[in-house]
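Colleague: I would like to learn how to read sheets, helix packing and cavities in a model. Could you take me through one case?

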Amino acid sequence: MRPRCPGSATASRGTGPFASPFLLRLQAPGLAADAVALYAPARLGRYPHPEARRACLNARRLATEAALHGTFDIVRGPRMFSESIHPNPPGRSAPRLRDLRRSLKSNLAAHAVKAIGRFLNAAGRERAESLKDLIFALMTFKQAFMVTLIFHRYAHRNEFDRQFRYFCGPDLDKEMQWVLASGRSDLYSNELILFLLMCEKEKRVLELFPNIDWDRVDDEFMDAIGKLTKKLTSGYFMELLAQAHTINWTVLRPQHLRLFAELIKIMLEHRTFRFEQMSFEGRQRDARRDGDPELFEAPLDRYVPEFFCDKELIETLVIQLGLPRHDDILTAREDRGQYWERFPADHPQRKVLSEINLFYAYRNLLLTTYHSGEGFHVPQVYIKLRETQQRLRRHLPAPSPQLKAILKKLDTDLSDVKLLSPDWSALIGHNGHLNVHLMMREMGWWQGQPMLLAYKDRIANKPFLSLFSDICPTLTLGENVSAGVWHELASLTPFIGDSHQAFQFEDGRAVYWNDAGSLALQQWESRQRTFPLRDIYDRRLLADDRVEQTYQEYRRRWGMADGDWFVCLHVRDAQARNDTEGVGESIRNASLATYLDAVRHITECGGWVVRMGGRRVPPFPMMDRVIDYARSDDQFPEMDIHLMRRARMFIGTTSGFAYVASSFGIPTAMVNALSSIGLLWSRDTRFALKPVHRADGTMLSLSEWTSEQYRWAYPTHESMARARLAVSESSSDEILETVREVLDISDPRRKGPPPGVDGSWERHVQVPGFFGSSRPSKYFLEKHAQNLLRES
């Protein structure tokens, strides 16, 4: 029971010596009704201070005027207030009358609150606290609750916070249905959230999150909601993330926006389920410690019930993906004390939140299935993700005025936007993917207005990314767009986000994005189309040739004569990437020693070799006509790109930097190549694959190498081990001969068609267009013809 003042047993029934308008049952959502409570000070004591008497008289006058004007019908007794404004027409107030009524109530309440504030000031701090305790002891829960909300709303003071916690807190759960009634939750949303947080009712706060009036937030409110956000983002936070689109990002002050920016950052970095990931990894470690050989992140039908913490979500995924049921896993988790998360049943947007949760779950599965060696699930998962997104698009929020202005400049609507996340902008290899993605749009493979989001400090090479500004609007946080608009767009990812992992054709087929991209590049070049980024770069170079002048200075300093040609070399290295050999994606790395014969051949032919890469690469052996540019002080982003544009050819592998070469159409020798997914290689590329062998030592054929049975094993050492496969590096002779062939292709004196193999090898490739427009090195194919061209 809520504490009562001694001797006030009758007060709770609204009778006795303290019966007064302070005992009003303030159940209506109207603001001004509670102004009548100002009669109470005159009844509860006589204060000689003239300011106190004046405050009481003003309170009487305000309440009396309200009654005389017909705004309220004031009566005495247990139920002392009822609104007397009759709606017109019956059943609902006319909009104009309703707005007028609300304005009148707001003004009256504001005046009333000021009068209360003056009275409390006049009473003095010590006497005011005693008086407030007495007042709250005499009021019902509803009266006390409304007085506190209204006073906080209009006085912007926390005078009654202590009394609220003590007198209202114990009864809050019992009265929650009344507390959350629409009138209060709509009109007093911010105050209601603040007091619910004060009483540690966080789940209830999340129900009211869409009702926040962001135009009225202040430091006190944002401090409280910021603490909640920080607490949730350290654990399970889907209930908050799923409502990020309801935030009015563009009205938030910078210090307030930062409280929610971390939420968006976690989502964009694919750490949406990091709480589940930590819990899952802990259970996996326990299982291995106990001798259970269960595989990490695989198979999918066991991963789903083991990983997610929302039972309803698990059930939906199992049904939609047609997975076998594993109720035994759920039972075992419950036996270990699993707490199942769920969206509140009475949340006003529960259906939308559940769909957003489902969207992020599918987005997570696109990544985990690939890295766990089960990429064959990607098409089905992506189809379900797209179906979920289509349902969500029916609930696409209206854009803010600031975003609407940007869309107007682009002559497009928000519903037509294809939002490209920082996934596309952060890595230079993904910039190469973006180049082909825009080619696909140019060929009619997809429609819509692309908009690219980028973090200014998370761009691998800004000069290269800047080339896209001519063909894809790029919004870089902190540079050319406000933080509010940037985060508003990012929060709409479930509604308009375009995946970097998969692609769906118009006929409904879905594939891993790279599989579609390699096929698109093949089609683009078959139509004799040029390279868009190369054309843009060359036009900009004509307008501003400063980097060319620096390049010429470098050539002179390096000792290159006029007419000397050079080759760019990039080796994927563990040291530069902070990889641990034998773990994860280090499977794609290679040793520099096997490239040295090819380097000597180039220099003996009169060429130079410019070694590219990060500054942490191991030193290159001292050799004539070799520039270790990667480790030099000459390195800077513009020159990285310019050297590639000026190179005669490129020697690379399946790493991001290779896509600069393919975007510029530079002849390329791709060696030590290993990939589960389609390769965006242009027609002047020749490749030598990393040989892959089964446990019995048999080398995989091209047909097997690109099959659904084996290709999804290549992402990591762990997935290769699970598939019982082993991989080795390209040999020195394979690298040398592949380089020889590309040197012939890039020879400006060459006449006739480029050397190489015919197209008969392609019939052994299981995935159409898997190698883009490229071809295997003639030497590599002939050396391993017995294995590579073996019929499976």
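The dialogue below goes through sheets, a helix pair and cavities in turn.

Modeller: First the ground rules: this is a predicted model, in which local features need pLDDT of at least 70 and side-chain atom pairs count only at pLDDT 80 or more, while totals for chains, interfaces and linings use all residues. Residues are numbered from 1 along each chain as its sequence is written, and side-chain values use heavy atoms, with hydrogens and water left out.

Colleague: In what order do the strands of the seven-strand open sheet run?

Modeller: Helices (H or I, at least four residues) and strands (E, at least two) are DSSP runs numbered from the N terminus, and two strands pair if DSSP finds at least two bridges between them. Here the order is β11-β10-β9-β12-β13-β14-β17, with parallel pairing. β11 (626-627) and β17 (775-776) are the edge strands with a single partner each, so one side of each has no neighbour in the sheet. Helix α30 (residues 596-604) packs on this sheet, touching β9, β10, β11 and β12; contact means heavy atoms within 4.5 Å. Two bridges join β14 (residues 685-689) to β17, and F687 has P776 of β17 as its bridge partner.

Colleague: What is the order in the sheet of four strands?

Modeller: That open sheet reads β5-β4-β3-β6, again with parallel pairing. Strands β3 (residues 417-420) and β4 (residues 449-455) are joined by four bridges, and V417 stands opposite Q449.

Colleague: How is a helix pair described?

Modeller: Two packed helices are described by the angle between their axes and the distance between the axes. Axes are lines fitted to C-alpha atoms, for helices over the stretch in contact, with angles from 0 to 180 degrees between N-to-C directions. For α5 (residues 141-155) and α9 (residues 189-198), the axes come within 9 Å and cross at roughly 115 degrees. The contact involves F145, T148, L149, H152 and R153 of α5, with E191, L192, L194 and F195 of α9.

Colleague: How many cavities of 30 Å³ or more does the structure hold?

Modeller: A cavity is a set of points, on a 1 Å grid over the protein atoms alone, where a 1.4 Å probe fits but cannot get out; lining residues have an atom within 4 Å of a point. Grid points are joined across faces, edges and corners, and a volume is the space filled by probe spheres set on the points. There are seven such cavities, and the largest has a volume of about 160 Å³. Of its 16 lining residues, R363, S421, T493, D498 and S499 are the closest to the centre. Helix α18 gives the most to this lining, with three residues.

Methods
1 Å grid on protein atoms, 1.4 Å probe; cavity = no way out; pocket = protein on both sides within 12 Å on 5 of 7 lines; lining within 4 Å.
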